Amino acid sequence: MERYLCIHGHFYQPPRENAWLEAVELQDSAYPYHDWNERITGECYVPNATARILDGEGRIIEITNNYSKISFNFGPTLLAWLKEKSPEVYQAILEADKESQKKFSGHGSALAQAYNHMILPLANWRDKYTQVLWGIRDFEHRFGRPPEGMWLPETAVDLDTLDILANLGIRFTILSPHQAQRVRRIKGRAWHEVSGGRIDPSRAYELRLPSRQKINLFFYDGPVSQAVAFEHLLVNGEHFAGRLTGAFSNTRTWPQLVHIATDGETYGHHQRHGEMALAYALQHTESSNLARLTNYGEFLEKNPPTHEVEIFENSAWSCFHGVERWWNNCGCNSGMNPGWNQNWRRPLREALDWLRDTLEPLYKEKANQFLKDPWEARDEYIRIILDRSTENIERFLNQHAVRELSPSDKIATLKLLELQRHAMLMFTSCGWFFDELSGIETVQVIQYAGRAIQLSEELFGDHLESQFLERLERVKSNITEHRDGRHIYEKLVKPAMVDLSKVGGHYAIRSLFEPYAEHDRIYCYEVHREDYQSSEAGKMRLAVGRARFTSRITGESTLLSFGVMHFGDHNLSGGVRTFRGQEAYQALIQEVSGAFSRADIPEVIRILDRGFGRDIYSLKSLFRDEQRKILNQILDKTLQEAAAVYRQLYEQSVPLMRFLADLGTPFPKSFQTAAEFALNASLRQALEAQELDFNQITSLREEALGLRVPLDEVSLGYSFQERIERTALQVLANPHDHASLQKLVALVDLACSMPFEVDFWKVQNIYYEILQKIYPEFQKQAENGGGSAQTWVSHFTALGEKLHCRITCG
C-alpha cells in the first residue's frame, strides 16, 4: 500500500508590539538582534526559506524552500510583522503555498490559525468565534484562498471550538495522540479505547459534533514528534529521514500516513541547523522513493476517513493536565527554575476574566449608539486591522453604522473596536505558559489589559484601573523585587502608556537630534508640522513649534505646541500643551526665545515650566528605540575621548607588551584593557570606513593574535557580515563589474582569516542566485574563449570555494 509522509511546523511568536505604538520596541535580551522576532527570523524563518543541502564534503549543492514541501501554519500576528520587517521571508512563505498547490493536487500546505493564540476552551463562545473567524479572514487576505485546515493554539480543544471550525468551513485540524479517547469504524458499533496516546496516527478520523456537523482530525505521531523536539534527532538529516520512514508498518493494509507536528522554531532556532536536517530528510525521502510527500488536504482527498473518533475535551499538546497550564499551578513549567511556583496563573486569569466581563456590557451599550450589530462589527473589524486606509474605514462604517457618523462618533466607534481587540489580545496563551509573572510574555498581556482600561476610561469615563489593580495585588511574583501584579503594572506597564501629548513630547525632543519632514510618522501616529523654530548657543539648543498629531488607529487628533531645551549633554527639558491660539503661541515663542538669546537659562526653564505645566518631558520620555539612538549620539563624544586615552596608553605600552608576551608573562590588567579596547575600536572603525584598507585590517588582526587580545566576536562579526552583504548585493545588481566581484572575493577571504565566525548565510543565498541566473551566461562566454568571462568565472569559482558552494550549473 502507498506510503505518505507529512511534516507539520507550527510557526508562531506571541505578539510583542507595544500596545500603544503598534510596533515591537528594542529588546536587549535578543542582542545582537533588535528584538526576539528579528532574532528568531534570522535563526529560523529565513533559514527555512533558504535551506541548504550539502554534499559529502560539506559544500552547498542546493538551496531550497522548506515551506513548499511541508505542512505549516504561521500565526497571523507574526505574518503581519514579517510582511513589514522581513518582506522577503513573507513572500517566500506565500510562494511556498502556491508551489505546494502545484505539488499536492491543488491543495495548499498553509493552514490558518486562531488569531492571537488564545486558549479557546478557556474563552467564552463569542471570543472563540471571533478568534477563529479572524484567523480565517487573515489567511484569505494573505494567501488568496480559503483555508482547508486550522491549527488550534497549543492544540487546545473542546467540542464548541470544533463546531465553530466546521460551521466556518474548516475541514480538519491536527491534535496530539493523547487527545484521542476512543475510535470505531464509521457506522460500526464497538468503540475501542485509545487513551494514553495509543491511537493509530496513520489515517484521518472523522468526529461527529453535537450540532450534527462533522470535522476531520489528524493525530500526529507522538514518539517521532517528541524525538524531533526534545531528543536531538535533527543533528543528522539521514537519521531524521530514517526515523520518519521507520514509523511505517508492513502490517497496515491501508494507505498510511506518517506525520509529525512540532513548533516550527525547532528547525533552526531551538536546534541550530535543524532546517538543514529537515531539507535533507525531505530530499532523501523523495529521491529514494521511501515515501510520497503530501499535505493534509491532499491526503484527505485521496483517503477519506474510514473511522470516527471521540476526544478528550479541554486537552492540549503541552499540558498533561488538560488546559490547566493556562489558568492554574498544575506543575507544567519550563523546569529551569526549581523552587518557583505558578500560583500566579489563576488570579491573573481571574483578573483578566473580570476585566473582559466588565467591559462587555459597557461595549455593547455604547456601540449600539453607532453600530447596527456591535458583535458582527467586531467580527468584521479584522478587515480594518488588515487595511487601515481611510477609504477602507469609510467602507466599513458605511456598512455597519446605524447612520452617518460625525468625526467624533467615528473616533469613538474605532476606540470601541480597539477596546475589544485588546480585550482578546490580553488572553494570548504565552502569558501563562512560562514560569514567572514578570516574564516579557506575561507583562505583554498585562500591557494589553492596560490599553483596554485606558480606552475604557476615555469611552465610558469609568475608573476600572483601581479595581483591576486590587485584583492584580493577589497575583504574586516569584521574584522579591517584582512583588505582585500591581507592582509590575505600575513599574512596567504604566510607563509604557502613550497618549497624543506623549507622542508630542517624543517629537519635540527627537527633533533636536534628527529633523522631521513636514509630514512624518511616529510609529502609528501621523504628524503634520505647522511651525518649527530653533536656536543654538554653544552646546545649548532650543526648539519651539506646533504640529498636529493623529492616531492612525483611532483617528483621534490634536494640535499641540511644544518647547524643548537641550543643555548639551543628557540633560534636557521640554513641554507640550494643547494649542491655545496664535496669540498665546507667539507670546510664548517671543518670551522663551528672548530669554534664550540673553543666555538666561534659568529663565528659559521657568518659562517652559510655566507655559507647559505638568506636561514636562525629558530624555526618559522618549520611546525606547529613539532613546537608545540619541543616547548613543550623546555618548559618542565621551566614548571618542575615552578611546583616545586607551589608544594612547596602548601605543605607549605595546612595545613592553610584546616583550612580556615573548616571555610568557601576563599583562597588567590596565595594559590588557587598553589593548582590548584600542584594537577592537580600531578594527571596527576600519571595517566601517568608506574604503577598506585590507593591509590595516590584517595588521590589526595579527597584532591581536600576537598579544592574545580577545576580539569582540559578535560586534566585529556583524560588521564584517554587513560589509560583505552590501558588496554581494552590488555584484548581484551589476554582475559585469569585475572590480566588485574581486572586492567580494577579497572580503570573504579576509573574513575567513579572522579568529571568529562571520555569518555568510545571505551572501551564500546571493551567490546561489547568481549561480542559477547569471553564471551560465559567463560560463558559455568563457567556453567560447572570452577572456573577460574566463577571468570572471575564475573569480566566481574561487568565491564559491570560500563560501563552501559547489558549482553544479552547466
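A salt bridge here is a side-chain nitrogen of Lys or Arg within 4 Å of a carboxyl oxygen of Asp or Glu. Keep that cut-off in mind for the first of these close-ups, which come from a predicted model.

**View 1. Arg-451, a buried charge without a salt bridge.** We're in helix α16 here, which spans residues 440-460 and carries Arg-451. The nearest side chain of opposite charge belongs to Glu-458, and it sits 4.6 Å away. With the limit set at 4 Å, Arg-451 ends up with no salt bridge even though it is buried. So who keeps Arg-451 company? Setting aside neighbours within four places in sequence, Arg-451 is in contact with Ala-19, Trp-20, His-422 and Thr-554.

**View 2. The largest nonpolar core and its best-connected members.** This core has 172 residues, and those touching the most other members are Tyr-45, Phe-72, Phe-74, Leu-82, Leu-162, Phe-240 and Phe-468. Helix α16 turns up again, giving the most to this core with nine residues. A second core of 56 residues is separate from it, with Leu-660, Ala-678, Phe-756 and Val-793 among its members. As a rule, nonpolar side chains in soluble globular proteins tend to be buried together.

**View 3. Around Tyr-45.** Now zoom in on one of those well-connected core residues, Tyr-45. Leaving out neighbours within four places in sequence, the contacts of Tyr-45 include Phe-11, Tyr-12, Ile-40, Tyr-67 and Val-89. Phe-74 and Leu-82 are also in contact with Tyr-45, and both are on the list of core residues that touch the most other members. Gln-13, Leu-78 and Glu-265 complete the set of contacts.

**View 4. Two hairpins sharing strand β16.** Start with β15 (residues 519-522), which runs antiparallel to β16 (residues 525-537) and is joined to it by four bridges. Arg-521 stands opposite Glu-526 in β16. Two residues separate the strands of this hairpin, and Tyr-523 in the turn has a positive phi of about 55°. On to the next hairpin: β16 pairs with β17 (residues 540-551) over twelve bridges, again antiparallel. Ala-537 has Met-540 in β17 as its bridge partner. This turn also has two residues between the strands, and Gly-538 there has a positive phi of about 65°.

**View 5. Thr-251, out on a loop.** Look between α7 (237-245) and β12 (256-263) to find Thr-251. Thr-251 counts as exposed because its relative accessibility is 65%. Its side chain makes a polar contact with the side chain of Ser-249, at 2.6 Å. For a sense of scale, Thr-251 and Asn-73 are 32 Å apart from C-alpha to C-alpha, and 178 residues apart in sequence.

Definitions and conventions
Residues numbered from 1 in each chain as written. Predicted model: local features only at pLDDT ≥ 70, side-chain atom pairs only at ≥ 80, totals over all residues. Heavy atoms only, no water. Pairing = 2+ DSSP bridges. Buried < 20%, exposed > 50% of the residue type's maximum accessible area, 1.4 Å probe, protein only. Lys, Arg positive; Asp, Glu negative; His and termini not counted. Contact = heavy atoms within 4.5 Å. Polar contact = N/O pair within 3.5 Å; in protein donor to acceptor, adjacent residues only side chain to side chain. Core = buried A, V, L, I, M, F, W, Y, C linked by side-chain atoms within 4.5 Å.
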